[in-house]
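This report concerns how strands pair and how nonpolar side chains gather in a single protein chain. The sequence and structure are shown first, and the description comes after.

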Amino acid sequence: MFGNIQEQQEKMRQRLTQIEVSAQAGGGAIQIRANAARQILDIKIDPELSLDDHEELEDLLLTAMNRVLAAAAEKEAAETQNMLKDILPPGMGDLGGMFGM
């Protein structure tokens, strides 16, 4: 019924690495890109940002990272739901709600 589960997992992993999300903090002073596999791809720090206050920089980085990882988790959940719809028999594609997706 489920086919080769390892093959499906690998396809999902590959699909998730192709989906990009981004987030920012400090009005765009910190920008982070990640993929739906929750891998950080890029961090940009505005050169105009004062780096004298390390605590502020740390806070901005944490905020932007948490935002981008939350966006990645949402994309991952949506893709998982779509995958379930594709592999489950008709009428069973809404099982994601049971699993918190």
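What follows describes the strand pairing and then the nonpolar cores of this predicted model.

**Strand pairing**

Strands β1 and β2 run antiparallel and are joined by six bridges, and within this pair valine 21 stands opposite alanine 34 of β2. On its other pairing, β2 is joined by five bridges to β3, which covers residues 40-45 and is likewise antiparallel to β2; here isoleucine 32 has isoleucine 43 of β3 as its bridge partner. Both pairings are hairpins, and the table sets out their turns.

| Hairpin | Residues between the strands | Turn residue with positive phi | Phi |
|---|---|---|---|
| β1 and β2 | four residues | glycine 26 | about 65° |
| β2 and β3 | four residues | arginine 38 | about 65° |

**Nonpolar cores**

The largest nonpolar core comprises 14 residues, and Ile30, Leu49 and Val68 are those with the most contacts inside it. At least two residues of this core come from each of β1 (20-25), β2 (30-35) and α2 (54-87), with α2 giving the most, namely six residues. A second core, separate from this one, has five residues, among them Leu16, Ile19, Ala36 and Met83.

Which residues does valine 68 touch, when those up to four places away in sequence are not counted? The contacts of valine 68 are Val21, Ser22, Ala23, Ile32, Arg33, Ala34 and Ile40. Among these contacts of valine 68 are Val21 and Ala34, the two residues that stand opposite each other in the pairing of β1 with β2.

Key. Residues are numbered from 1 along each chain as its sequence is written. This is a predicted model: local features need pLDDT of at least 70, side-chain atom pairs count only at pLDDT 80 or more; totals for chains, interfaces and linings use all residues. Side-chain values use heavy atoms; hydrogens and water are left out. A nonpolar core is a set of buried Ala, Val, Leu, Ile, Met, Phe, Trp, Tyr and Cys residues joined through side-chain atoms within 4.5 Å. Buried means under 20% relative accessible area, exposed over 50%, partly exposed in between (1.4 Å probe, protein chains only). Contact means heavy atoms within 4.5 Å. Two strands pair if DSSP finds at least two bridges between them.
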